[in-house]
Amino acid sequence: MFEEYKDIELVCLCGKPFIWTVGEQTFMNQLKEDGKISAVQTPKRCQSCRVKHKEERARREGNFNREY
């Protein structure tokens, strides 16, 4: 199935606007088609908040590796 993607402006949980790019949408849909994920969800966080959230989750789970 062919879908035409467009950059989409979204608002992060922090309140800042960000763009969900065509490339990101294409990548996520390819993962779904390959069976690596069950569904594509619209992101809720901008890139900087994604990084912070990932680091916080890693700390909570005890998987935080510091790079020196």
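These legends go with close-up views of a predicted model.

**View 1. Helix α1, end to end.** Helix α1 covers residues 22-33, which makes 12 residues. Count 1.5 Å for each residue and you'd expect a span of 16 Å; the C-alpha atoms at the two ends sit 16 Å apart, so the length agrees. Just past the helix comes G35, a residue with a positive phi, near 80°.

**View 2. The buried face of α1.** Which residues of α1 are buried? They are Q25, N29 and L31. Looking down the helix axis, you'll find these buried residues within an arc of 155°, so they line one face of α1. As a rule of thumb, an α-helix has 3.6 residues a turn, so residues three or four places apart point the same way. And what do the buried residues of α1 pack against? Two strands: β1, residues 8-11, and β2, residues 17-20.

**View 3. A closer look at N29.** N29 belongs to helix α1. Is N29 buried or exposed? Its relative accessible area is 16%, and the cut-off for buried is under 20%, so N29 counts as buried. Skip the neighbours within four places in sequence, and the contacts of N29 are Y5 and V40.

**View 4. K6, ahead of the first strand.** K6 lies in the segment before β1. With a relative accessible area of 59%, against a cut-off of over 50%, K6 comes out as exposed. Exposed or not, K6 has company: setting aside neighbours within four places in sequence, K6 is in contact with W20, V22 and Q25. Q25 is also one of the buried residues of α1. For a sense of distance, take K6 and T26: they are 20 residues apart in sequence, while their C-alpha atoms are 9.9 Å apart in space.

**View 5. The largest pocket.** How big is the volume of the largest pocket? It's about 310 Å³. The lining is made up of W20, E24, F27, M28, A39, Q41, T42, P43, K44, R45 and R50. Helix α1 supplies the largest share of that lining, with three residues. By chemical type, the lining residues split into five nonpolar, four charged and two polar. W20 is worth a second glance here, as this lining residue is also among the contacts of K6 shown in the previous view.

How values were computed. Residues numbered from 1 in each chain as written. Predicted model: local features only at pLDDT ≥ 70, side-chain atom pairs only at ≥ 80, totals over all residues. Heavy atoms only, no water. Helix = DSSP H or I, 4+ residues; strand = E, 2+ residues; numbered from the N terminus. Expected span 1.5 Å × (residues − 1). Buried < 20%, exposed > 50% of the residue type's maximum accessible area, 1.4 Å probe, protein only. Arc of directions from axis to C-beta. Contact = heavy atoms within 4.5 Å. 1 Å grid on protein atoms, 1.4 Å probe; cavity = no way out; pocket = protein on both sides within 12 Å on 5 of 7 lines; lining within 4 Å. Points joined across faces, edges and corners; volume = space filled by probe spheres on them. Nonpolar A, V, L, I, M, F, W, Y, C, P; charged D, E, K, R; others polar.
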